[in-house]
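Dear colleague,

I am handing over a structure for you to look through. Please open it first, and then read the notes below alongside it.

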Amino acid sequence: MQLTDTHTHLFAEEFDADMAEMIQRAIDKGVTKCFLPNIDVSTITAMLKTCDEFPENCLPLLGLHPCSVDASYEQQLAEIKTWFGKRKFYGIGEIGIDLFHDITFAEQQKKVFRTQVEWAKEMNLPIIIHSRNSFNEVMEIVMELHDERLKGIFHCFTGTAEEAKKVIELKTFKMGIGGVVTYKNSTLPQVLKEVPLSYIVLETDSPYLTPVPYRGKRNESSYVWYVAEKLSEIYRLSIEKIAELTTQNAMEIFGQF
Ligand code: NI
């Protein structure tokens, strides 16, 4: 069984003490491939170090997160862009718009998102989108810039059936489903009844958004198994089949890995 965690910040300091053991626990659960989305210029070194230490399991994504967009965004973008020529990255992320935490730089966030979507088209890389309280703003930009080259993932999708339909209509985008789907009051299981499994990839967003039964504790990539278990209940398929199909979906976005 091969499970793929398409979004996990394994380079976060929360994992400093037990990184190797944590990766082994993931492998033991069948989670052999993990995609690591960058945050900003300050995290690139740690992210690449983790990928170099576990090259079979940890695959790098590079981008500037909307919550790190501030007055220095131009320098940050310039520095991030130089890295693309230096080694292989599997996608641009995480990028997007966050109107939940701080809207001081909302206009700059949109500009930075646009710039990175344009990079993705030039470099033929997928985008990994963070949209918090900003689905419409993100969708407006994606629809405007969308062409046959642009593909990607709406990371941590927790939207409505109507929003899911809009993602499906893009055809080349998937929804990243994580721990939220296991939460007791989540509306996501109901929404997913109208979403074909072919539009779904699995993720943890470790160390955040831990699934039941570990909700409240640190999240880690081995727990993507609990997300798969919940989807097996929703889609009435075995966990093995969920693993196989969602890994295939991830390959449609990232290419072979
Ligand atoms: Ni994230």
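In what follows, a contact means heavy atoms within 4.5 Å. Among contacts in the chain between residues at least 6 apart in sequence, 73% join residues at least 24 apart.

Please keep in mind that this is a predicted model, in which local features need pLDDT of at least 70 and side-chain atom pairs count only at pLDDT 80 or more, while totals for chains, interfaces and linings use all residues. Residues are numbered from 1 along each chain as its sequence is written, and side-chain values use heavy atoms, with hydrogens and water left out.

The chain has nine helices and eight strands, taken as DSSP runs numbered from the N terminus (helices H or I, at least four residues; strands E, at least two). Of its 257 residues, 57% count as buried, that is, under 20% relative accessible area with a 1.4 Å probe, protein chains only.

The largest pocket (on a 1 Å grid over the protein atoms alone, an open set of points where a 1.4 Å probe fits, with protein on both sides within 12 Å along at least five of seven lines) is lined by 30 residues, and His 130, Arg 132, His 155, Cys 156 and Asp 205 lie nearest its centre; lining residues have an atom within 4 Å of a point. β4 (92-98) and β5 (127-132) each supply at least two residues of that lining, with β5 giving the most, three residues.

Along its principal axes, the C-alpha trace of the chain spans about 45 × 40 × 35 Å.

With best wishes

How values were computed. Buried means under 20% relative accessible area, exposed over 50%, partly exposed in between (1.4 Å probe, protein chains only).
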